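Here are a few short exercises on aromatic rings, each with a worked solution. Have a look at the model, then work through them at your own pace.

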Amino acid sequence: MRTLAIAAAALGLIAATTTALAQKTSTEAIEEYREMLQDGNPADLYEMKGEELWKKARGPKNASLQKCDLGLGAGVTKGVFVQLPRYFADTNQVQDLESRLVTCMSTLQGIDPKEVINGQWGKGERANVTALATWVAAQSKGMAFHLPQSQPQERIAYEMGKRAFFQSGGSHDFSCATCHGAEGKRIRLQDLPELTKNPGDGIGFAAWPAYRVSNGQMWTMQHRLNDCYRQQRFPEPTYGSAITIALGVYMGVNAQGAKSAVPTIKR
């Protein structure tokens, strides 16, 4: 009986070890797959399109976006992404990169914001904003996030984003925190970063815009958050809505010090 017990214990240990090794191997294999894809990241094409759109005279006013102020002065793109979302006095709003680009497209080029807000992912002016956001974000690659919190509106947005992150609802009673509120969570083979602190948000927030291999599209943070709400069975938010920007502030501040990796590639 003692021999049988020892054998059973040994088999149990072997099974546990085999399972752990299999999980580690799966995770490592996914990381190797992503590294291989990075060598030919299609995001490069969106970057090129975004730069062209930034410099091209378009819209009813036949103007470029080269005078657009993204937070560090007219025409400055380097370093702006790692300080967004932030408060802008001219709109009296906290804006993320995408909503600020829509503002510039409207004021400088005369393009109706509704063409973006009421548009579809990957089409028309919304697709143009995605390309622009990809190019602008890429100008800050490798720079550390340090979102400003000096304005009261920015601090309010952070608290709004925090509440939204932990708010449960929908048919499944999900929240953002359900998947991203603790370490060690995963869906199938996908590790889920904890987004309430750094370095988790250095992996999450700091990685978008990203090219999604699964559907062959470039996704911005607005697109990512929209899909998160869809998966939670919540009503999908309006493009550039206050709640999505507030979530961006919450996650961005939590990513303080993390270096931007965009544009990245996702499964």
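**Exercise 1.** In this predicted model, are F165 and Y250 buried or exposed, and how do their rings meet?

*Solution.* Start with the surroundings: both F165 and Y250 are buried. Next, take the geometry: the two rings form an aromatic pair with 5.3 Å centre to centre and 50 degrees between the planes. Planes under 30 degrees apart would be stacked and those over 60 edge-to-face, so the pair counts as tilted. Finally, place the pair along the chain: F165 belongs to helix α6 and Y250 to helix α10 (residues 242-254), 85 residues apart.

**Exercise 2.** Which residues do ring pairs link into a cluster with F165 and Y250?

*Solution.* Follow the ring pairs outwards, and Y158 and F166 join F165 and Y250 in the cluster.

**Exercise 3.** Searching the whole structure, how many aromatic pairs turn up, and what is the geometry of the one formed by F145 and F205?

*Solution.* The search gives nine aromatic pairs. Among them, F145 and F205 lie 5.4 Å centre to centre with 65 degrees between the planes. An angle over 60 makes a pair edge-to-face, so that is the label here. F145 sits in the loop between α5 (124-138) and α6 (152-166), while F205 sits in the loop between α8 (200-203) and β5 (210-212), 60 residues away. Both F145 and F205 are buried.

**Exercise 4.** Over which rings do the charged ends of R126 and R212 sit?

*Solution.* Take R126 to begin with: its charged end is over the ring of W121, 4.4 Å from the ring centre. For R212, the ring is that of W219, with the charged end 4.5 Å from its centre.

Conventions: Residues are numbered from 1 along each chain as its sequence is written. This is a predicted model: local features need pLDDT of at least 70, side-chain atom pairs count only at pLDDT 80 or more; totals for chains, interfaces and linings use all residues. Side-chain values use heavy atoms; hydrogens and water are left out. Rings of Phe, Tyr and Trp (its six-membered ring) pair if their centres lie within 6.5 Å; planes under 30 degrees apart count as stacked, over 60 as edge-to-face and the rest as tilted. Helices (H or I, at least four residues) and strands (E, at least two) are DSSP runs, numbered from the N terminus. Buried means under 20% relative accessible area, exposed over 50%, partly exposed in between (1.4 Å probe, protein chains only). A charge sits over a ring if NZ of Lys or CZ of Arg is within 6 Å of the ring centre and within 35 degrees of the ring normal.
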